[in-house]
Amino acid sequence: MPPPIEWNPTVDPSDLVRRAREVLAAGGVVVLPGDCGPLAVAKPDALPAHLTEPAVLCWGSDAAAALGLSVPPVARRLMFRAWPAPLVLELPSANGPVRVRCPEHPVAELLAQSVADLGPLHVADAPNGVADAALVVTAELQLSGAPTLVRATATSYEIVCDGAFPRTE
């Protein structure tokens, strides 16, 4: 694993985004800071198996729809109101539910917006990191916990698992 890069919000992030794009396009894994601790980002077949319950990295409902996902109105409203946030939405699909996520951290937000053209990418909590990650980005403030999981249907939603996103929101 390469030495981690310390993210600094006062430095131009374009080189970091370029490097992350290169790694992801080549099928590698990027670990970056997220709203509930370190996150692993990779193409669906490249994400390590020990990282459970991955979600598709999205930047809003339009990005989810561009990936061919059906976004019910209730999910669209939650995305608009809450994202980016420690909130995973489970959307209905013909092949079973699909989870989508837009993590709340400046690095994750920059990356989500800049890699949409690479096709679907998965993101998963990686509290212990990823041994074979090609790029690791760290930040001074490291959060921990788990995102809130919400299942959306055509007409309603259900909080499946409480997490860092408060129910009162």
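**Exercise 1. The second largest pocket**

Task: Break down the lining of the second largest pocket in this predicted model by residue class, then locate the pocket.

Solution.
- Step 1. Sort by class. The lining of the second largest pocket holds 8 nonpolar, 1 polar and 4 charged residues.
- Step 2. Find the centre. The pocket is lined by 13 residues, and Leu 78, Tyr 157, Phe 165, Arg 167 and Glu 169 lie nearest its centre.
- Step 3. Assign elements. Two or more lining residues come from each of α3 (73–82), β9 (148–152) and β10 (157–161). The largest share, 4 residues, belongs to α3.
- Step 4. Give the volume. The second largest pocket fills about 200 Å³.

**Exercise 2. The largest pocket**

Task: Describe the largest pocket by volume, centre, elements and residue class.

Solution.
- Step 1. The volume of the largest pocket is about 280 Å³.
- Step 2. Its lining counts 16 residues, with Thr 52, Glu 53, Arg 99, Asp 125 and Pro 147 nearest the centre.
- Step 3. Strands β6 and β7 each supply at least two lining residues. The most come from β7, with 3 residues.
- Step 4. By class, the lining of the largest pocket splits into 10 nonpolar, 2 polar and 4 charged residues.

**Exercise 3. A salt bridge within a helix**

Task: How many salt bridges does the model hold, and where does the pair Arg 18 and Asp 15 sit?

Solution.
- Step 1. Count. The model has 11 salt bridges.
- Step 2. Check the distance. The closest N and O atoms of Arg 18 and Asp 15 are 2.4 Å apart. The cut-off is 4 Å, so a pair with this spacing qualifies.
- Step 3. Place the pair. Both residues sit in helix α1 (residues 14–25), 3 residues apart, which means a separation of about one helical turn.
- Step 4. Check exposure. Arg 18 is partly exposed, at 40% relative accessibility. Asp 15 is partly exposed too, at 39%.

**Exercise 4. Salt bridges between elements**

Task: Which elements hold Arg 101 and Asp 125, and which parts of the chain does the pair Asp 117 and Arg 21 link?

Solution.
- Step 1. Take Asp 117 and Arg 21. Their closest N and O atoms are 2.9 Å apart, in a salt bridge. The pair links distant parts of the chain, 96 residues apart: Asp 117 is in the loop between α4 (106–114) and β7 (122–125), and Arg 21 is in helix α1.
- Step 2. Add exposure. Asp 117 is exposed, with a relative accessible area of 58%. Arg 21 is partly exposed, at 26%.
- Step 3. Take Arg 101 and Asp 125. Here the closest N and O atoms are 3.2 Å apart. Arg 101 lies in strand β6 (residues 98–101) and Asp 125 in strand β7, so the salt bridge ties together parts 24 residues apart in sequence.
- Step 4. Add exposure again. Arg 101 is buried, at 2% relative accessibility. Asp 125 is partly exposed, at 24%.
- Step 5. Look for shared partners. Glu 53, Glu 90, Arg 99, Arg 151 and Glu 158 are joined into one network by salt bridges that share partners. Glu 53 and Arg 99 from this network are also among the residues nearest the centre of the largest pocket.

**Exercise 5. The cysteines**

Task: Why is Cys 161 not bonded to Cys 36?

Solution.
- Step 1. Search. The whole structure contains 0 disulfides.
- Step 2. Find the nearest sulfur. For Cys 36, which is in no disulfide, the nearest cysteine sulfur is that of Cys 161, 11 Å away.
- Step 3. Apply the cut-off. A disulfide needs sulfur atoms within 2.5 Å. The sulfur of Cys 161 is 11 Å from that of Cys 36, so the two are too far apart for a bond.
- Step 4. Compare exposure. Cys 36 is buried, at 6% relative accessibility, whereas Cys 161 is partly exposed, at 40%.

**Exercise 6. The cavity**

Task: How many cavities of 30 Å³ or more are there, and which residues line the largest cavity?

Solution.
- Step 1. Search. The whole structure has 1 cavity of 30 Å³ or more.
- Step 2. Give the volume. The largest cavity fills about 60 Å³.
- Step 3. List the lining. Pro 13, Leu 16, Val 17, Ala 20, Val 30, Leu 32, Val 107, Leu 110, Leu 111 and Val 137 line the largest cavity.
- Step 4. Assign elements. Helix α1, strand β2 (30–32) and helix α4 each give at least two residues to this lining.
- Step 5. Sort by class. The lining of the largest cavity has 10 nonpolar, no polar and no charged residues.

Key: Residues numbered from 1 in each chain as written. Predicted model: local features only at pLDDT ≥ 70, side-chain atom pairs only at ≥ 80, totals over all residues. Heavy atoms only, no water. Salt bridge = Lys/Arg side-chain N within 4 Å of Asp/Glu carboxyl O. Buried < 20%, exposed > 50% of the residue type's maximum accessible area, 1.4 Å probe, protein only. 1 Å grid on protein atoms, 1.4 Å probe; cavity = no way out; pocket = protein on both sides within 12 Å on 5 of 7 lines; lining within 4 Å. Points joined across faces, edges and corners; volume = space filled by probe spheres on them. Nonpolar A, V, L, I, M, F, W, Y, C, P; charged D, E, K, R; others polar.
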